[in-house]
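Colleague: Before I use these labels, I would like to hear what stands behind them. Please take them one at a time.

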Amino acid sequence: MRWSFPVGRLFDIPIRVHYTFLLLLAFIWYVESSVLGPEAGLHSVIFWALIFACVLFHELGHSLVAQSYGLKIASIILLPIGGVSQINEIPRDPIKEVAITIAGPVVNFLIAGVLLIIGKMLYPSLQFAEISLQSGSMIVDLFWANIMLGLFNIVPAYPMDGGRILRGLIAMRRDYLEATRLAADVGKLFAIGFIIIGFFYNWWLILIGIFVFSGASSEADATVITSALEKIQVRNLMITEFRTISPEEPLTAVVEKSLHVFQSDFPVVDGERFVGILTRSSVIESLHHRLHDKRVGELARTNFPSINPDSTAAEALAAMRTFKVTLAPVEENGRLEGIITMEKLLEASDVINEK
Ligand SMILES: [Zn+2]
């Protein structure tokens with residue numbers, strides 16, 4: 001994700017922090033220290049940093065269960081509104097999905113339990129009964145913060161954890177696509193509720209409401225697209241007649257070719273072999289830096305997936321998204337049969353869904 005920087009790895013998962021998160025901490029420090037003095041400012045910053053450590057543990061809960069199913073975790077990103085585990089392929093198995101999802105909130109409840117035990121052991125007089133984030137005791141505050149995190153996340157507002165659990169539970173009895181649509185609709189209702197309540201009580205809820213609403217819409221759309229594409233093979237969608245460029249050609253030749261065809265990215269083919277992808281953006285960037293003399297081979301992207309013609313279009317889409325490419329070679333036994341483009345895949349899903 002752009003605007004984030006790496007802070008290290010845990011269990012072989014890269015951990016990243018979004019820059020706006022630092023802005024949030026700076027903002028908290030500024031507000032608290034100007035009102036209550038520098039000591040209170042520092043206290044608040046530490047408190048919020050610890051809360052986000054708990055958010056990180058929550059995400060690790062999801063990620064470790066996912067890893068135990070053999071899934072790959074691209075990264076965990078901490079944002080001001082929470083964390084995101086980027087799991088490459090969330091399984092279509094409702095039981096696994098529910099297990100992965102429920103692990104996050106469970107971690108928060110576990111942390112709360114540990115804090116309660118440690119707090120009672122170290123300071124027998126500590127009071128945990130009253131809900132508070134400003135009790136004067138960091139342990140009590142963090143206890144309640146984790147209870148709230150756990151509870152808030154199981155609100156069935158898809159794509160929040162509770163919504164995913166709901167989707168999984170519906171999917172155990174019904175079609176996956178239908179379950180997603182239902183969960184997304186419930187999610188949107190909650191989102192609208194968050195936004196309305198947010199106006200009166202807490203601006204944070206408005207932000208979360210907007211995030212939930214757009215997330216519910218885009219994830220439901222993505223599921224609709226993938227479900228449609230599962231029914232069709234790449235063989236039936238691949239393009240067999242296309243313009244190619246050779247790695248030896250100079251950039252200027254490409255510019256000339258691209259003026260005549262409406263093709264955003266070019267397959268780079270050396271004889272019979274697909275060797276790379278020259279993206280329009282890299283052409284523009286190179287021209288901008290006056291690298292007219294560069295050869296195509298030097299500028300082409302060489303990490304791309306090779307798609308089998310018998311794969312489903314959904315598998316092709318997933319592979320292309322993982323590699324972040326808009327086109328890929330379709331190859332069988334090392335032979336280039338054609339190419340498949342993102343545009344073609346999305347077009348096909350539209351056609352299937354309209355039927
Ligand atoms: Zn979660």
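Colleague: Which helix gives the most to the nonpolar patch?

Modeller: Helix α1 does, with six residues; α1 (19-36) and α2 (38-68) each supply at least two. Helices here are DSSP runs of H or I, at least four residues, numbered from the N terminus. This is a predicted model, where local features need pLDDT of at least 70 and side-chain atom pairs count only at pLDDT 80 or more, while totals for chains, interfaces and linings use all residues. Residues are numbered from 1 along each chain as its sequence is written, and side-chain values use heavy atoms, with hydrogens and water left out.

Colleague: Why is Leu-36 called exposed?

Modeller: Exposed means over 50% relative accessible area, buried under 20%, and partly exposed in between (1.4 Å probe, protein chains only). Leu-36 has 58%, so Leu-36 is exposed. Leu-36 sits in helix α1.

Colleague: What makes the arrangement around the zinc ion irregular?

Modeller: The zinc ion is coordinated by His-58 (NE2), His-62 (NE2) and Asp-161 (OD) twice, at 2.0 to 2.6 Å. Donors are N, O and S atoms within 2.8 Å of the metal (3.2 Å for Na, K and Ca); water is not among the atoms, so sites may look incomplete. Four donors count as tetrahedral if all angles lie between 85 and 135 degrees, and as square planar if opposite donors are over 155 degrees apart and all others between 65 and 115; anything else is irregular. Here the angles run from 55 to 148 degrees, so the arrangement is irregular.

Colleague: Are His-58 and Asp-161 buried or exposed?

Modeller: His-58 has a relative accessible area of 4%, so His-58 is buried. Asp-161, at 9%, counts as buried too.

Note on methods
Tetrahedral: all angles 85-135°; square planar, octahedral: opposite > 155°, others 65-115°.
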